[in-house]
Amino acid sequence: MAAPEVIRGSWLRSVGAVFMKDWRAELRTRYAVSALLMFVVTTIAIIMFSLGSEEAPADVLSGMLWVVIFFGAMSGLARTFVVEEERGTAMTLQLLTTPGAVYFGKLLFNLVLVFGLNLVTIALYGLFVNGFIIRTVSIFVLTVVLGSAGFAAAATILAAIIARASTKGTLYPVLAFPVLLPLLLAVINATRLASEGAAFSEASGEFQLLVSYIAVVIAASTLVFDYVWKD
Amino acid sequence: MSSPLHIAGAGLCKVFNRRQVFSDVQFQVSQSERLLITGRNGSGKSTLVRILCGLLTPSAGSVVIRWGHEVQEVERPGVIGLVAPYLQMFEEFSAIENLQLAASLRGYPFERGRAEHLLGRVGLDIKRKDAVRSYSSGMKQRVKYAFALLHRPPILVLDEPMANLDADGVAMVREVMEEQHQERILVVATNDLSDCPRADAQVNLDGRT
């Protein structure tokens, strides 16, 4: 039996396999999607009841939108790693593939999940919350895209960390809040600018911050993930 | 000329929260050889198996695998096949889907013909489309064999190889072990010496703390 020159399989295929595994499992169980939707619908209903026919100012409405997204995301995104620990399949993944492939596969899955969540949340929020009007669509679209990517990036590494802890449920939002604070402040401000009809250039500072945040979180995550993922 | 396939463990020690499981464990095994790991319950057989498979970092010492060249950590998924009670399948998927996942996660193309052949060999061809969660523990053990053999691993590691298997299953495992031994490396960790009556090297973990 001769040794092959290349033992290693395709890294991209491994990343795709991690993503497809989670995607197909989610299509069968719908656990994360159900948790996210229930949370979003309940929270928007509470906002509707508390506001009544009153119209809140733009900065309050922008803040409330991202509060819904923050807690909605926290209720669903942690599952990606917690479920592997609970079912004992984390070791199977460690045996079959590299930590990098697991991280990027899970990140990709969380990105899709958080984009979907944000689209549904924004549609429901726009329909049912009085006074939420977007005047500069370009700022808002870019804010949602970058905000979603930032949420997914931070949520993925935090989920990997808390999956190893015994108090998973309570630890996640507590750990996530300080890590996500710079992102939250930037997206809330950019959403306020979009609803006030500001010019695109006025939001450039927020976009620079968001892009830097995403780059730093993904770079730091790839550096520490090996240590988080292995014993 | 030395064999291109070779595993060597040197000075291996594992400590969990100040409790030393074993220390100064050494072994060497080459192509067409069998390594037997024995010891009482709690002596660290599964811990040593996990270290060998790269699933656990030793507190001291190292395991070096050579297959033409020194196998790097990122290459280990392609070199090792593991069957163990603590290795869980993806239970929401069927046996054939689990094999497809195993191939893709390793980064290899999926060979459906080989996967179906292996499922037939382990006696699960009729049940291959049922979710693994509906399987008995013996059937899950059989899936693990197909899972471990799919990529023709040069090193097959079996921890408690006969666990939950009936007489047919035991016969199937003995056949797999014999084939693996022909030109590859077989590592068996067990309490029952009849699981692997002939070994070229042995690590006894009793009294290794």
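In the predicted model, helix H1 (11-29) of chain A packs against helix H2 (residues 95-106) of chain B at an angle of about 150°, the two axes lying 6 Å apart. On the side of H1(A), this contact is formed by Arg13(A), Ser14(A), Ala17(A), Val18(A), Lys21(A), Arg24(A) and Arg28(A). H2(B) contributes Glu97(B), Leu101(B), Ser104(B), Leu105(B) and Arg106(B). By residue class, the contact of H1(A) with H2(B) comprises four nonpolar, two polar and six charged residues. Two of the residues named in this contact, Arg28(A) and Glu97(B), are joined through their side chains by a salt bridge, with a distance of 2.7 Å from N to O.

This helix pair belongs to a broader interface between the two chains, in which 31 residues of chain A are in contact with 42 residues of chain B. The size of an interface is often expressed as the accessible area that is lost when the parts come together. For chain A and chain B, the area buried between them is about 3,300 Å², of which 65% lies on carbon and sulfur atoms. Four salt bridges are found across the interface, and 12 residue pairs are in polar contact, both residues of each pair having pLDDT 80 or more.

On the side of chain A that touches chain B, two or more residues are supplied by each of H1(A), helix H4 (79-87) and helix H5 (90-96) of chain A. H1(A) makes the greatest contribution to that side, with eight residues. In composition, the side of chain A that touches chain B divides into 12 nonpolar, nine polar and 10 charged residues.

Chain B also contains an open sheet of five strands, in the order E6-E7-E8-E3-E9 and with parallel pairing. The edges of the sheet are occupied by strand E6 (80-83) and strand E9 (201-204) of chain B; each has a single partner strand, so one side of each is left without a neighbour in the sheet. Neighbouring strands are turned against each other by 15° on average, when direction is ignored.

At one end of the strand order, E9(B) runs parallel to strand E3 (residues 33-38) of chain B, to which it is joined by four bridges. Ile37(B) is placed opposite Val203(B) of E9(B). Towards the other edge strand, helix H4 (residues 137-149) of chain B lies across both E6 and strand E7 (155-159) of chain B. The direction of H4(B) is at about 175° to that of E6(B).

Key:
Residues are numbered from 1 along each chain as its sequence is written. Chains are lettered from A and ligands numbered from 1 in the order in which they are written. This is a predicted model: local features need pLDDT of at least 70, side-chain atom pairs count only at pLDDT 80 or more; totals for chains, interfaces and linings use all residues. Side-chain values use heavy atoms; hydrogens and water are left out. Contact means heavy atoms within 4.5 Å. Buried area is the accessible area (1.4 Å probe) that two parts lose on being put together, summed over both. A polar contact is a pair of N or O atoms within 3.5 Å; within protein, one must be able to donate a hydrogen and the other to accept it, and residues adjacent in sequence count only if both atoms are side-chain atoms. Ala, Val, Leu, Ile, Met, Phe, Trp, Tyr, Cys and Pro count as nonpolar, Asp, Glu, Lys and Arg as charged, and the others, Gly among them, as polar. Two strands pair if DSSP finds at least two bridges between them. Axes are lines fitted to C-alpha atoms, for helices over the stretch in contact, and angles run from 0 to 180 degrees between N-to-C directions.
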